[in-house]
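Q: I'm new to this one, so could you walk me through a single part slowly and then show me what lies around it?

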Amino acid sequence: MKRIAVLGSGFGSNLQALMDAQSAGVLGGEIVLVVANNPCVAIERAQRAGIPTLTLPLDDLRDHAKRAQWEAQLADGVAAADPDLVVLAGWMVILRGPMLDRFGDRMINLHPALLPDDASDIVITSRGPRPVFRGAHAVRDALAAETDLAGASVHWVTAQVDVGTVIESVEVPILPDDTEESLHARIGVVERVLLPRVVAKVMDSLRH
Ligand code: GRF
């Protein structure tokens with residue numbers, strides 16, 4: 001069975017979708033580790049399901065030395081689980097060195113926006129070219145820009161934030177009365193179908 005590590009420090013609804021897909025026998029792999037940088041619901045979900053967890057608090061993001069040390073510890077912890085794939089789902093800390101060095105060829109990220117395959121600021125959609133929203137506030141930024149199309153993407157992780165070949169993305173139309181909450185909720189529904197499907201696809205490709 002292929003091994004999957006999930007990094008996520010939030011509510012863990014996408015982790016739950018992966019666990020449900022595993023239970024249903026359609027994930028094509030086993031979640032062997034869940035990692036968070038703070039105690040969170042994602043960790044509680046994993047513990048309830050009997051999945052090994054690792055919580056590695058990072059107190060000061062701006063202390064470069066401590067941050068590098070923390071990322072080395074993180075990479076060691078993930079490596080100990082020997083994953084074939086590392087999935088970032090609700091992971092909010094930018095990975096800079098050791099994680100990319102060791103897992104850069106097998107790490108994917110879920111992002112609540114449409115993304116191009118490269119660092120471009122424009123993504124081609126079914127409605128034509130649209131602006132790209134990266135970073136932690138992509139949903140808020142899309143609303144602020146008064147664009148008409150949001151979405152969800154899963155892409156290979158690179159050293160650039162939210163840049164990397166897109167494996168699959170799904171468009172989510174923005175409605176006139178949308179708030180950040182309502183839009184993010186609709187994107188979330190799409191994400192929880194998209195992520196397990198993409199992971200299953202990647203698992204399948206690893207078998208061949
Ligand atoms: C998702 O919207 C994901 O795209 C973003 O953070 C959210 C995670 O939600 N990066 P959850 O923790 O899986 O519920």
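Does L74 count as buried or exposed, and why?

A: L74 counts as buried because its relative accessibility is 0%, and buried means under 20% relative accessible area, with exposed over 50% and partly exposed in between (1.4 Å probe, protein chains only). Before going on, keep in mind that this is a predicted model, where local features need pLDDT of at least 70 and side-chain atom pairs count only at 80 or more, while totals for chains, interfaces and linings use all residues. Residues are numbered from 1 along each chain as its sequence is written, and side-chain values use heavy atoms, leaving out hydrogens and water.

So where is L74? You'll find L74 in helix α3, which covers residues 64-80. (Helices are DSSP runs of H or I with at least four residues, strands are runs of E with at least two, and both are numbered from the N terminus.) Go past that helix and you reach D82, which sits in the loop between α3 and β4 (85-88). Unlike buried L74, D82 counts as exposed because its relative accessibility is 51%. D82 also has a backbone quirk: a positive phi of about 50°, even though D82 isn't a glycine.

E146 shows that quirk too, with a positive phi of about 55° despite not being a glycine. Look for E146 in the loop between α5 (138-144) and β8 (149-156). E146 is exposed because its relative accessible area is 72%.

Now jump to D178, a long way from where we started: L74 and D178 are 104 residues apart in sequence, and their C-alpha atoms are 37 Å apart in space. D178 belongs to the loop between β9 (166-173) and α6. D178 is buried because its relative accessible area is 13%. What does its side chain do there? The side chain of D178 makes a polar contact of 2.6 Å with the side chain of S182, and another one, at 2.7 Å, joins the side chains of D178 and R186. (A polar contact is a pair of N or O atoms within 3.5 Å; within protein, one must be able to donate a hydrogen and the other to accept it, and residues adjacent in sequence count only if both atoms are side-chain atoms.) D178 also has L143 as a neighbour in space, with 8.0 Å between their C-alpha atoms although 35 residues separate them along the chain.

P176 is found in the loop between β9 and α6 as well, but P176 counts as exposed because its relative accessibility is 83%. Its C-alpha atom is 8.7 Å from that of D148, which is 28 residues away along the chain.

Follow the chain into helix α6 and you meet P196. P196 counts as buried because its relative accessibility is 10%. The C-alpha atoms of P196 and D20 are separated by 8.9 Å, while the two residues are 176 apart along the chain.

Last stop: the ligand. Around the ligand are G10, F11, G12, S13, N14, G90, L110, H111, P112, H184 and E191, each with a heavy atom within 4 Å of it. That shell divides into three nonpolar, seven polar and one charged. (Ala, Val, Leu, Ile, Met, Phe, Trp, Tyr, Cys and Pro are nonpolar, Asp, Glu, Lys and Arg charged, and the others, Gly among them, polar.) A polar side-chain atom of E191 lies 2.4 Å from an oxygen atom of the ligand. S13 has a side-chain N or O atom 2.5 Å from a ligand oxygen, and for G12 a backbone N or O atom lies 2.8 Å from one. The protein covers 85% of the 370 Å² of accessible area that the ligand has on its own (Shrake-Rupley method, 1.4 Å probe). The elements giving two or more residues to the shell are α1 (13-23), β5 (107-111) and α6 (180-207), so our walk ends back at α6, the helix that holds P196.
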